[in-house]
Amino acid sequence: MSNPSAVEPDTKDWTWVLERPCGECGFVAADVERAALGAAVRANAEAFLAALAEPDAARRRSTGVWSTTEYACHVRDVHRVFDARVRSMLTDDAPTFPNWDQDQTALAERYDLQEPAAVGPELLAAAARVADTYDAVPDDAWDRRGVRSNGSEFTVETIARYHLHDAVHHLWDVRRRR
């Protein structure tokens, strides 16, 4: 079995997107109403589904840059990770989230070998689950806190916005490469 070619790891701390617009994809965290977070996650997943339907969705357009399918796998897994984090924030007091190495996950799960037709439904299901979680957050729980392994502190509201940016930004990555 072959090994996927390396993709440059993303080592940026993207938490700044909670304070100012993303200069690349244009996402503005403050522009998204809390009540719209779930719908925005679902809409993003639907847009990814359309991108996965392209005939070359599994092909990398350049060395070291993920294909549409690989980005979709990542976003699927981001939804799963953030759903677990938000659920823990809603049930535990100030949980600390275990580190999640997205690059190691991409290699271990062989994103490069996954089929677009299988990834699409998985992405939709993961998005629906986390969107339902956001839709069900009680008004008095949006300020509950959690801490990432690097010490970054989030509330349910800020982690939801941070999460949404990740999905939006990766859809932007996919579209700009087309």
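Biologist: Is Arg148 buried or exposed in this predicted model?

Modeller: The general idea is to compare the relative accessible area with a cut-off: a residue under 20% is called buried. In this predicted model, Arg148 has a relative accessibility of 13%, so Arg148 counts as buried.

Biologist: Where is Arg148 placed with respect to the secondary structure?

Modeller: Arg148 is in the loop that joins β1 (145-147) to β2 (153-155).

Biologist: Which residues does Arg148 touch, when those up to four places away in sequence are not counted?

Modeller: Contacts of this kind are read as heavy atoms within 4.5 Å. For Arg148 the partners are Asp13, Thr15, Arg85, Phe97, Phe154 and Tyr162. Sequence separation and spatial separation should be read side by side. Arg148 and Ala128, for example, are 20 residues apart in sequence, and their C-alpha atoms are 23 Å apart in space.

Biologist: What pattern of helices and strands does the protein chain follow?

Modeller: One reads the elements in order along the sequence. Here the order is α-α-α-α-β-β-α, with 5 helices and 2 strands in the protein chain.

Biologist: How should the radius of gyration of the protein chain be read?

Modeller: The value is set against the one for a compact globule of equal chain length. For 178 residues that reference is near 16 Å, and the protein chain has 16 Å, so the two agree. The extent along the principal axes adds to this picture: the C-alpha trace spans about 45 × 30 × 30 Å. Within the protein chain, buried residues make up 47% of the 178 residues. Among contacts with a separation of 6 or more, 77% are between residues 24 or more positions apart.

Biologist: What does the accessible surface of the protein chain consist of, and how many charged side chains are there?

Modeller: About 9100 Å² is exposed by the protein chain, and carbon and sulfur atoms supply 50% of that area. There are 21 positive and 30 negative side chains. The centres of these two sets lie 3 Å apart.

Biologist: Which residues have the most contacts inside the largest nonpolar core?

Modeller: In soluble globular proteins, nonpolar side chains tend to be buried together. In this structure the largest nonpolar core has 46 residues, and those with the most contacts inside it are Phe27, Val41, Phe48, Phe82, Tyr134 and Ile159. The elements giving two or more residues to this core are α1 (37-52), α2 (68-91), α4 (116-135) and α5 (156-177). The most is given by α2, with 9 residues.

Biologist: Which residues does Phe82 touch, leaving out those up to four places away in sequence?

Modeller: Phe82 touches Val130, Tyr134, Ile159, Tyr162 and His163. Of these, Tyr134 and Ile159 are also listed among the core residues with the most contacts.

Biologist: Where is Val119, and is Val119 buried or exposed?

Modeller: Val119 is in helix α4. Its relative accessibility is 0%, so Val119 counts as buried. Beyond its neighbours within four places in sequence, Val119 is in contact with Leu52, Thr69, Ala72, Cys73, Arg76 and Gln114. The C-alpha atoms of Val119 and Phe27 are separated by 25 Å, with these positions 92 residues apart along the chain.

Biologist: What is the sign of phi at Ala94 and at Arg110?

Modeller: Most residues other than glycine have a negative phi. Ala94, although not a glycine, has a positive phi of about 45°. Arg110 likewise has a positive phi, near 50°. Ala94 lies in the loop between α2 and α3 (102-108), while Arg110 is in the loop between α3 and α4. With a relative accessibility of 49%, Ala94 counts as partly exposed. Arg110, with a relative accessible area of 13%, is buried.

Biologist: Where is Pro21, and which residues does Pro21 touch outside the four places on either side in sequence?

Modeller: Pro21 is in the segment before α1, and its contacts are Trp16, Phe27 and Val28. Its relative accessible area of 47% makes Pro21 partly exposed. Pro21 and Arg61 are 40 residues apart in sequence and 27 Å apart from C-alpha to C-alpha.

Biologist: How is Asp103 to be described in these terms?

Modeller: Asp103 is found in helix α3 and, at 22% relative accessibility, counts as partly exposed. Asp103 and His74 are 29 residues apart in sequence, with their C-alpha atoms 9.1 Å apart in space.

How values were computed
Residues are numbered from 1 along each chain as its sequence is written. This is a predicted model: local features need pLDDT of at least 70, side-chain atom pairs count only at pLDDT 80 or more; totals for chains, interfaces and linings use all residues. Side-chain values use heavy atoms; hydrogens and water are left out. The radius of gyration is taken over C-alpha atoms; the globule rule is 2.2 Å times the number of residues to the power 0.38. Buried means under 20% relative accessible area, exposed over 50%, partly exposed in between (1.4 Å probe, protein chains only). Accessible areas come from the Shrake-Rupley method with a 1.4 Å probe; for residues, only the protein chains shown count as cover. Lys and Arg count as positive and Asp and Glu as negative; His and the chain ends are not counted. The place of a charge is taken as NZ of Lys, CZ of Arg, CG of Asp or CD of Glu. A nonpolar core is a set of buried Ala, Val, Leu, Ile, Met, Phe, Trp, Tyr and Cys residues joined through side-chain atoms within 4.5 Å.
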